[in-house]
Amino acid sequence: MKLQHLLFAYTFLVLICSCSQRQEEARRPISHASGTFIKKSIERNKKLIATEEKIIDSIIKNDTLKEYTASKKGYWYKYETKIEGESDFPKRGDIAYFDFEVKDIENTIIYTKTETKPQVYYVDKQNMLTGLRDGIKLMKKGETISFLFPSHMAYGYHGDDQKIGINQPIICTVTLKDIQPDPQAEN
């Protein structure tokens, strides 16, 4: 009996000691990230953008017949066909019908209008190239605009897995065929 009491007392004592309120210090991570990868990536992207902007700037300077406009989003465009007068622009909730072709920066066709098929785009509700998503909203029905997109506004560091390579700036010539309100949109 004494052995049972002694064993019980010992177990009770161990239990109380193990439940004490001492503060343990948090463990530190084994490796520390220095941020150099991110810093190098930022520098690499800045250089890439600067190089692409120089190429685009030389294209603009060599095209003396057209006037280019710099967008607030970081691409440039020129009107091939401009509609004067009052007209609506596509806005969120509209459906934009358009054709486009894609060229590389040397003006070589990558995708023809036939290959890209007529497009039906639900404005700001569908996934699309960053540059085109914004550029479509600058157009009136019947206009044709050529957009010069640096790679980060086009297919980016990944390309399109077909004909457009990584970090490739492109020229998209877009014709806006029609704009219709989305019948499914909430009013």
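Where does asparagine 167 lie? Asparagine 167 is found in the loop between β6 and β7. Keep that loop in mind, for we will return to it after a walk through the whole chain. One caution comes before the walk: this is a predicted model.

Start with the overall layout. The chain holds four helices and seven strands. Read from the N terminus, its elements follow the order α-α-β-β-β-β-α-β-α-β-β. The chain has 187 residues, and 36% of them count as buried. Now consider contacts between residues with a separation of 6 or more. Of these, 69% join residues that are 24 or more positions apart. The accessible surface comes to about 13,600 Å². Carbon and sulfur atoms make up 55% of that surface.

Next, go inside. The largest nonpolar core has 26 residues. Phe98, Val102, Leu132, Phe147, Phe149, Ile170 and Val174 touch the most other members. Four elements each give two or more residues to this core: β3, β4 (109-111), β6 and β7. The largest share comes from β7, with five residues. Apart from this core lies another one, of eight residues. Among its members are Ile59, Tyr68, Ile105 and Ile171.

Stay with one core residue for a moment. Which residues does isoleucine 170 touch, leaving out those up to four places away in sequence? The list is Val102, Lys103, Ile110, Leu129, Phe147, Leu148, Phe149, Ala154, Tyr155 and Ile164.

Lysine 103 appears in that list, and it deserves its own stop. Lysine 103 sits in strand β3. Is lysine 103 buried or exposed? Its relative accessibility is 16%, so lysine 103 counts as buried; the limit for buried is under 20%. Beyond its neighbours within four places in sequence, lysine 103 is in contact with Thr108, Ile109, Ile110, Ile170 and Ile171.

Now turn to the empty spaces. Rolling a probe the size of a water molecule over the atoms shows where empty space is left. The largest pocket has a volume of about 190 Å³. Its lining is made of Phe98, Phe100, Val102, Tyr111, Thr116, Gln119, Met128, Leu129, Leu132, Tyr155 and Asp160. Strand β3 (residues 94-104) gives the most to this lining, with three residues. Sorted by class, the lining has eight nonpolar, two polar and one charged residues. Look back at the largest core, and some names return. Phe98, Val102 and Leu132 are among the core residues that touch the most other members, and Phe98, Val102 and Leu132 also line the largest pocket.

The second largest pocket has a volume of about 160 Å³. How many residues line the second largest pocket? There are 13, of which Ile59, Tyr68, Lys78, Asn107 and Ile171 lie nearest its centre. Four elements, α2 (36-62), β2 (76-81), β6 (144-149) and β7 (170-181), each supply at least two residues of this lining. By class, the lining has five nonpolar, four polar and four charged residues.

The loops come next. Threonine 112 is placed in the loop between β4 and α3 (113-116). Its relative accessible area is 27%, so threonine 112 counts as partly exposed. Outside its neighbours up to four places away in sequence, threonine 112 touches Phe100 and Glu101. Threonine 112 and phenylalanine 100 are twelve residues apart in sequence. In space, their C-alpha atoms are 7.4 Å apart.

Aspartate 124 belongs to the loop between β5 (119-122) and α4 (130-135). Its phi is near 60°, a positive value in a residue other than glycine. With a relative accessible area of 26%, aspartate 124 is partly exposed.

Finally, return to the loop between β6 and β7, where asparagine 167 lies. Asparagine 167 is not a glycine, yet its phi is positive, at about 50°. Its relative accessible area is 29%, so asparagine 167 is partly exposed. Glutamine 168 is in the loop between β6 and β7 as well. At 19% relative accessibility, glutamine 168 counts as buried. Neighbours within four places in sequence aside, glutamine 168 is in contact with Asp104, Ile110, Ser151, Ala154, Gly156 and Lys163. Take aspartate 104 from that list. Glutamine 168 and aspartate 104 are 64 residues apart along the chain, and their C-alpha atoms are separated by 7.6 Å.

Methods. Residues are numbered from 1 along each chain as its sequence is written. This is a predicted model: local features need pLDDT of at least 70, side-chain atom pairs count only at pLDDT 80 or more; totals for chains, interfaces and linings use all residues. Side-chain values use heavy atoms; hydrogens and water are left out. On a 1 Å grid over the protein atoms alone, a cavity is a set of points where a 1.4 Å probe fits but cannot get out, and a pocket is an open set with protein on both sides within 12 Å along at least five of seven lines; lining residues have an atom within 4 Å of a point. Grid points are joined across faces, edges and corners, and a volume is the space filled by probe spheres set on the points. Ala, Val, Leu, Ile, Met, Phe, Trp, Tyr, Cys and Pro count as nonpolar, Asp, Glu, Lys and Arg as charged, and the others, Gly among them, as polar. Buried means under 20% relative accessible area, exposed over 50%, partly exposed in between (1.4 Å probe, protein chains only). Contact means heavy atoms within 4.5 Å. Accessible areas come from the Shrake-Rupley method with a 1.4 Å probe; for residues, only the protein chains shown count as cover. A nonpolar core is a set of buried Ala, Val, Leu, Ile, Met, Phe, Trp, Tyr and Cys residues joined through side-chain atoms within 4.5 Å.
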